[in-house]
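Here are some short exercises on aromatic rings, each with a worked solution. Take a look at the structure below and follow along step by step.

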Amino acid sequence: MAAPSYDWLDSMIWSVGISSILIGVAALRTKLSQGKIDNHNEIVPLTYVLLLIGVFLFVSGLAIGIIWPFPMSGGVYNVLFSGASALGGIVLLSISTALLRNSDLRFISYLAFFFGIYLFVAAYSIASYRLTRTPEFSSVIFALLGLSSVLSLPAVYTGNKTLLRVFGIVVIITGLLWLYEAANVTYAHTAPPPPTTTTPKTS
C-alpha cells in the first residue's frame, strides 16, 4: 500500500539510525573529563548534524501531535511516534547545543536517562498491544534505544573509557537496527498502489 502524502515516518526512522551511529562513533573516539570533551574540535562537525536532526525530529513530533495523521487503532500511533520523536529531538538539541559550547554533558545525560525510561515504556506497550506490523522487532529497537539512552548517564558522568566504549558499541548496534527498519519502511512506503479495476456499466 502506498503511503499517504503526510507520512514522513521513514525519514524519521532514518534520522534515528543515523544520529545513533554518529553518537556511537563519537563515543568511541571521545575522551571526557568532568563531563567535557577533551578533543572538542574533532567533534564540532558532528554537532551540526545532530542539531539538524534534532530540529527535524522535534518538529516532526510536534506536527504528528497536531495533525494526528495516523487515525488507525484510535490514534495510538500518533501518541507513540509524536512523543518519541519530540522528546528525542529535545535530547539531540540539548546534546548538540552543549557540544557547540563545550559545556558539561553530565546534566544532559540525566535528560537522556529519563528519555530512555520513556522508551522502555513505549517498547513494553508495543509488545503488549501488538503495535506496528512487526511488534517484536519494533519493541526490541525501542528497548535498545532506551538502553542506549540509559547507558549514557554512567558513561558520561564517570568518563570511564570502558563505559564509553560499551555505550558506543550499544548505540552503534542500535543505530544499525534502526537503519534496517528504516530501509524496510521506505521500501514498503514506496510501493505503488494496486491498480483499480472498474466494473463496466450495464444498460
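**Exercise 1: a pair within one helix**

Tyr77 and Phe81 are four residues apart, about one turn of the helix, and both belong to helix α3 (residues 76-101). Helices here are DSSP runs of H or I with at least four residues, strands are runs of E with at least two, and both are numbered from the N terminus. The model is predicted: local features need pLDDT of at least 70, side-chain atom pairs count only at pLDDT 80 or more, and totals for chains, interfaces and linings use all residues. Residues are numbered from 1 along each chain as its sequence is written, and side-chain values use heavy atoms, without hydrogens and water.

Task: Are Tyr77 and Phe81 buried or exposed?

Solution. Step 1: recall that buried means under 20% relative accessible area, exposed over 50%, and partly exposed in between (1.4 Å probe, protein chains only). Step 2: Tyr77 and Phe81 are both buried.

**Exercise 2: a pair across two helices**

Task: Work out what kind of pair Tyr110 and Tyr157 form.

Solution. Step 1: rings of Phe, Tyr and Trp (its six-membered ring) pair if their centres lie within 6.5 Å; planes under 30 degrees apart are stacked, over 60 edge-to-face, and the rest tilted. Step 2: the ring centres of Tyr110 and Tyr157 are 5.9 Å apart and their planes are at 75°, so this pair is edge-to-face. Step 3: Tyr110 is in helix α4 (residues 106-129) and Tyr157 in helix α5 (residues 135-158), so the pair ties together parts 47 residues apart in sequence. Step 4: Tyr110 is partly exposed, at 36% relative accessible area, and Tyr157 is partly exposed at 43%.
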